[in-house]
Amino acid sequence: MKLPTDPAQNLAVLIRCPSVTPAEGGALQTLEDMLEPLGFSVERPVFSEDGTPDIENLYARRSGNGPHLMFAGHTDVVPVGDEAAWTHPPFAAEIANGEMYGRGAVDMKGGIACFIAAVARHIEKNGGPKGSVSLLITGDEEGPAINGTVKLLDWAAAKGERWDASIVGEPTNPDALGDMIKIGRRGSLSGSVIVNGRQGHAAYPHLADNPVRGLMSLVDALLHPVFDKGTRDFQPTNLEVTSIDVGNPATNVIPARATATFNIRFNDTWTAETIQAEIHNRLDQAAGRKKYRPGKKTAVDYELVWRDRPSHVFLTRDDKLIDTLSSSVAAVVGKSPSLSTSGGTSDARFIKDFCPVVEFGLVGKTMHMVDERVAVADLETLTRIYERFIEDWFGQGLT
Ligand SMILES: [Zn+2]
């Protein structure tokens, strides 16, 4: 029987499954069909929660005597956008000039296609790794992410699954394959500052309390001074004011309320709790300042509302995992990858509670765009990197 050793072929079949979140689209069935002949036992738990669509997920394990490696990813994809703008249809996997076009080509059906090809090649050559390999694949990464990786990890852990290391196959390389491994992620936190004033006539400001003045003091305090200068592994913490809302249509009326919303990406100088305390502290101090509110006797009347759950900062410190992956990249592409913590959050932030995790996949340039595509040569290169990693991380030999 022909094993799924060709990553381009694996990817083509996956791209042809229209698995826009929350649709399974045949993508998990395709994985099951590829993994069972490789000796994986496959389960496809469906998770539900009120107010969100039911989501099908996949957990596949090939058991062996030795450590346990988990590959994590998602088969769901973002919508195609303007389909007419695509040079090649988004679910056709057509190849032109050495590139395969399709939604999910790099984010991240391509990474999954390569990992499966790598395992298949390893099994063909060596009979199988000296340990267990599992794939933890969700259909809910690009959507609300409620019935996906978090529940899948808990579900598997409750069955007794334990992992020694994990690779997430998200597209981590900015320009060329081998550029970058992600070894951690900054934390993320969003909030709104609401200032309550007193409405009035713009010509009689002493009778009113303009909340825009108060908000300016508070926003100023959020932006200065800088939170930190960065650490060895992380760029400096950064706060962006993402919206300022007053909603006042009149030019001669002082409004009653003004709101600023912000997002902060914080490094390992902080925890979600300490950065929240710092922000509170800055706002409290700024509320008493008179710079924009001369003559006002009271402090700025404000509320701080945290939005969503915080994403926690993490940094993976597992020399075997990081060094083995780095040297696998270097052996295949001829240069060492940078170890980075840049960019947004990913499902790695959930996996890190269960085992050390790093992220490495394809080149991310076209993800979420019209004409998402991957160089077929990159699929072969990534497969060889993953294969080399499997050999070295488990140690070569027969099961
Ligand atoms: Zn992704």
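The legends below describe close-up views of a predicted model.

**View 1. The annotated binding-site residues Asp107, Glu142 and His368.** In the unreviewed UniProt entry, the annotation "binding site" covers Asp107, Glu142 and His368. These residues span 262 residues in sequence, yet no two of their C-alpha atoms are more than 10.0 Å apart, so they gather at one spot. The lining of the second largest pocket includes Asp107, Glu142 and His368.

**View 2. Surroundings of Asp107, in the loop between strand S7 and helix H3.** Asp107 is found in the loop that runs between strand S7 (99-101) and H3, and, with a relative accessible area of 5%, Asp107 is buried because this value is under the 20% cut-off. When residues up to four places away in sequence are not counted, Asp107 touches His74, Asp76, Val77, Glu142, Glu170, Pro171, Met367, His368 and Glu372. With one of these residues, His74, the contact is polar and joins the two side chains (3.1 Å).

**View 3. Surroundings of His368, in the loop between strands S20 and S21.** His368 is found in the loop between strand S20 (357-359) and strand S21 (373-375), and at 42% relative accessibility His368 counts as partly exposed. Leaving aside neighbours within four places in sequence, His368 is in contact with Val78, Arg103, Asp107 and Glu142. The side chain of His368 also makes a polar contact with the side chain of Glu142, at 3.3 Å.

**View 4. The largest nonpolar core, with Ile279 among the residues that have the most contacts inside it.** This core has 86 residues, and those with the most contacts inside it are Leu35, Val193 and Ile279. Helix H3 (residues 109-126) supplies the largest share of the core, nine residues. Ile279, with residues up to four places away in sequence not counted, touches Leu222, Phe227, Leu239, Phe262, Ile264, Leu304 and Trp306.

**View 5. A second, separate nonpolar core that includes Phe350.** This second core, separate from the largest one, has 16 residues, and Phe350, Ile351, Cys355 and Val357 are among them.

**View 6. The hairpin formed by strands S2 and S3.** Strand S2 (residues 46-49) and strand S3 (residues 52-56) pair in the antiparallel sense over three bridges, and Glu56 in S3 is the bridge partner of Val46. Two residues lie between the strands of this hairpin, and Gly51, in the turn, has a positive phi of about 85°.

Key: Residues are numbered from 1 along each chain as its sequence is written. This is a predicted model: local features need pLDDT of at least 70, side-chain atom pairs count only at pLDDT 80 or more; totals for chains, interfaces and linings use all residues. Side-chain values use heavy atoms; hydrogens and water are left out. A nonpolar core is a set of buried Ala, Val, Leu, Ile, Met, Phe, Trp, Tyr and Cys residues joined through side-chain atoms within 4.5 Å. Buried means under 20% relative accessible area, exposed over 50%, partly exposed in between (1.4 Å probe, protein chains only). Helices (H or I, at least four residues) and strands (E, at least two) are DSSP runs, numbered from the N terminus. Contact means heavy atoms within 4.5 Å. UniProt positions are given in the numbering used here, feature names are shortened, and annotations may be inferred rather than shown by experiment. On a 1 Å grid over the protein atoms alone, a cavity is a set of points where a 1.4 Å probe fits but cannot get out, and a pocket is an open set with protein on both sides within 12 Å along at least five of seven lines; lining residues have an atom within 4 Å of a point. A polar contact is a pair of N or O atoms within 3.5 Å; within protein, one must be able to donate a hydrogen and the other to accept it, and residues adjacent in sequence count only if both atoms are side-chain atoms. Two strands pair if DSSP finds at least two bridges between them.
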